[in-house]
6 protein chains.
Amino acid sequence: MQQPSERHRRGWEMLKTIDGEAGEHVVAALQDIAPDLGRYIIEFGFGDVYSRGVLTLKERELATVAALAALGNAQPQLKVHLHGALNVGCSREELVEVLIQMAVYAGFPAALNGIFALRAALAERTAATPAG
Amino acid sequence: MQQPSERHRRGWEMLKTIDGEAGEHVVAALQDIAPDLGRYIIEFGFGDVYSRGVLTLKERELATVAALAALGNAQPQLKVHLHGALNVGCSREELVEVLIQMAVYAGFPAALNGIFALRAALAERTAATPAG
Amino acid sequence: MQQPSERHRRGWEMLKTIDGEAGEHVVAALQDIAPDLGRYIIEFGFGDVYSRGVLTLKERELATVAALAALGNAQPQLKVHLHGALNVGCSREELVEVLIQMAVYAGFPAALNGIFALRAALAERTAATPAG
Amino acid sequence: MQQPSERHRRGWEMLKTIDGEAGEHVVAALQDIAPDLGRYIIEFGFGDVYSRGVLTLKERELATVAALAALGNAQPQLKVHLHGALNVGCSREELVEVLIQMAVYAGFPAALNGIFALRAALAERTAATPAG
Amino acid sequence: MQQPSERHRRGWEMLKTIDGEAGEHVVAALQDIAPDLGRYIIEFGFGDVYSRGVLTLKERELATVAALAALGNAQPQLKVHLHGALNVGCSREELVEVLIQMAVYAGFPAALNGIFALRAALAERTAATPAG
Amino acid sequence: MQQPSERHRRGWEMLKTIDGEAGEHVVAALQDIAPDLGRYIIEFGFGDVYSRGVLTLKERELATVAALAALGNAQPQLKVHLHGALNVGCSREELVEVLIQMAVYAGFPAALNGIFALRAALAERTAATPAG
């Protein structure tokens with residue numbers, strides 16, 4: 001419908017870099033019900049905000065994982081961003097640390113649910129990797 | 001009462017490194033009403049968690065600022081940690097970025113209130129700096 | 001036990017108008033464990049508050065859907081009220097709009113989870129409708 | 001307008017027992033803008049819920065203080081209920097404990113802000129007590 | 001720096017229609033610290049989302065007021081949007097209703113703090129109106 | 001690795017007293033991903049906080065259940081603590097009461113989800129009890 005703008009192209013590349021197939025699936029799942037919400041995620045979320053620089057993508061994902069674990073109302077998005085964080089270079093150990101830190105600021109349940117989401121995300125990656 | 005343990009000493013040094021006088025004031029303000037809460041902040045928050053390594057202190061503060069801005073129920077602590085983030089090497093520009101990113105995950109009011117807290121923290125630091 | 005009061009009768013009619021069978025199921029599910037909570041929902045929630053007028057039922061449901069999507073801690077109730085909103089005349093398109101608006105005030109995860117709850121509610125209604 | 005019902009009378013007595021003048025002020029402050037909200041607080045909050053028995057008023061106030069401190073979005077109501085808890089027999093030490101416990105479940109900022117609200121409430125009571 | 005786009009122009013007009021001077025002040029207050037956040041509010045919040053149609057502006061403001069009162073972490077933005085709601089045709093009585101409804105879904109403290117914010121907003125408007 | 005300290009031993013006994021096998025499972029589930037988070041739960045949560053006295057364990061669990069139901073972002077932990085509350089002497093009726101009270105402070109969805117978690121916890125205990 002709309003010509004892909006520069007924001008759209010930049011956002012789509014950024015979304016693929018960070019979230020990979022999981023991000024594409026979220027956008028695809030919106031097509032029949034709220035395609036503009038998918039467009040805003042691409043254009044505003046990734047085309048505007050994630051593309052700003054100053055912070056590295058790794059730092060942005062650490063901050064996102066911290067916020068989603070603290071809020072605790074967005075488990076599906078937390079899992080997508082734990083994958084995103086691993087995709088842009090965060091190690092498993094670094095993600096454990098940022099989630100443990102949430103025990104201090106948002107309480108142990110937030111930290112625990114974050115750790116269990118990380119364990120599930122790591123298991124998915126192992127399952128998806130063909131044995132050598 | 002209790003002999004300062006190794007956790008306590010390590011936590012106290014860490015608290016002073018990160019939060020400086022603002023952190024000492026929080027602990028002092030608890031002495032007459034809930035001194036053990038101050039002790040837990042030092043021993044658990046700073047002696048156990050902030051001292052774990054793996055993440056840099058700068059990364060820990062970016063995550064903390066993200067979480068406190070997203071939660072939105074802890075404005076005094078957000079301001080303490082914006083100072084803490086500046087103390088351990090985060091730039092004003094990096095803090096603006098992490099707060100703008102919260103607009104995506106926690107909504108524009110969370111981002112706005114975070115930015116206004118940052119502006120207040122920066123003004124305090126300017127006011128506290130004697131002119132050369 | 002208690003004689004149904006005028007509040008109770010009014011609330012029960014209102015609950016059936018808005019939430020239909022889904023509302024009746026919630027009240028029934030409380031009978032063996034906390035029947036008074038079901039009674040308060042009928043008498044206070046529907047008999048007192050929903051019956052107040054000034055706003056149309058459609059406006060009340062738009063506000064309820066907005067709040068539940070923003071809070072994000074009440075997915076089962078959000079789905080009940082998406083059905084309720086459709087029952088009292090909100091269109092699918094209007095519900096998409098109110099949920100997209102939540103991206104601005106509560107963040108994209110809140111909007112996304114709301115949209116996916118709407119998609120599930122719409123699918124349930126399609127499944128429940130016999131083909132002509 | 002409405003004849004005070006039994007629920008209303010029971011709720012009003014309960015509100016005065018628990019919250020004293022602070023509770024009466026909240027209801028009075030609603031008279032010009034939303035008097036029915038004050039009525040619902042009296043009739044539903046105090047006439048229905050607080051009057052149910054099974055738990056002591058002290059246990060109800062400990063639970064209320066815990067919830068309000070954890071939620072963190074209701075500082076004025078937290079202070080009213082810290083007074084209420086002291087009015088129905090909770091000690092200062094017990095309130096410190098329930099607030100410290102919130103550090104575990106809702107994070108240290110929630111606990112800290114609760115403790116500082118308690119300190120403010122205790123100071124108000126001292127100020128209001130004429131010296132012997 | 002950037003040429004005002006069509007989104008920007010549309011958003012700026014919409015922001016002025018809804019929030020009037022209060023909205024302009026928020027954007028102005030961001031100029032020295034995070035001007036892009038102001039730009040995103042204009043372009044995404046008002047240029048994209050508020051301009052979508054389907055819902056009336058009045059319905060959008062009722063939903064926004066509901067969400068901000070329920071979340072409870074955004075009192076300054078709640079007051080801006082109570083003014084916005086009055087600006088686009090919501091009556092004082094309708095706003096009282098949507099806030100009372102929040103007692104059911106987010107608890108009485110959320111409703112109470114919303115009502116007191118409304119009272120403050122109404123007082124500001126009275127103060128700003130020259131006597132005839 | 002670390003010698004179990006007195007805090008650790010005290011915390012482990014307390015965790016077993018309150019949460020029984022469910023608590024041990026949570027700690028065990030953390031062993032391969034974040035064992036230190038399990039250690040902090042034992043040492044800080046149970047060794048420091050739950051062991052403080054002043055409040056009875058029953059009062060601590062009532063407060064915990066209230067907070068977790070109000071926050072609404074920690075359903076797995078809510079269920080663990082409903083079992084914990086029953087383990088330390090809270091009756092089913094008392095837990096119903098504390099959850100109904102949350103309708104007043106956190107809204108009916110929080111109360112409803114708490115009651116349904118209680119129903120699930122009670123069903124698990126019935127299933128686990130061999131018929132005489």
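A crossing of two helices is called right-handed if the near helix is turned clockwise from the far one by less than a right angle, and left-handed if the turn is anticlockwise. In this predicted model, the crossing of α3(D) and α5(F) is right-handed.

Two packed helices are described by the angle between their axes and the distance between the axes. Helix α3 of chain D, residues 57-71, and helix α5 of chain F, residues 92-106, pack at an angle of about 45°, and their axes are 10 Å apart. Because angles from 35 to 65 degrees fall outside both the roughly parallel and the roughly perpendicular ranges, α3(D) counts as oblique to α5(F). On the side of α3(D), the residues that take part are D:R60, D:A63, D:T64, D:A67, D:L68 and D:L71, and they meet F:V98, F:Q101, F:M102, F:Y105 and F:A106 in α5(F). Sorted by class, the residues of this contact are eight nonpolar, two polar and one charged.

Another contact joins chains B and E, where 14 residues of chain B are in contact with 13 residues of chain E. On the side of chain B that touches chain E, α5 (92-106) and α6 (108-128) each supply at least two residues, and the largest share, nine residues, comes from α6(B). This side of chain B has 10 nonpolar, three polar and one charged residues.

Helix α6(B) itself has 21 residues and reaches 30 Å from its first C-alpha to its last, which is close to the 30 Å expected at 1.5 Å a residue. Several residues of α6(B) are buried, including B:F108, B:L112, B:I115, B:L118 and B:A121.

How values were computed: Residues are numbered from 1 along each chain as its sequence is written. Chains are lettered from A and ligands numbered from 1 in the order in which they are written. This is a predicted model: local features need pLDDT of at least 70, side-chain atom pairs count only at pLDDT 80 or more; totals for chains, interfaces and linings use all residues. Two residues are in contact if their C-beta atoms, placed from the backbone, lie within 7 Å. Helices (H or I, at least four residues) and strands (E, at least two) are DSSP runs, numbered from the N terminus. Ala, Val, Leu, Ile, Met, Phe, Trp, Tyr, Cys and Pro count as nonpolar, Asp, Glu, Lys and Arg as charged, and the others, Gly among them, as polar. The expected span of a helix is 1.5 Å times one less than its number of residues. A residue is buried if 20 or more other C-beta atoms lie within 10 Å of its own, exposed if 12 or fewer, and partly exposed in between; C-beta atoms are placed from the backbone. Axes are lines fitted to C-alpha atoms, for helices over the stretch in contact, and angles run from 0 to 180 degrees between N-to-C directions. Angles under 35 degrees count as roughly parallel, over 145 as roughly antiparallel, 65 to 115 as roughly perpendicular and the rest as oblique.
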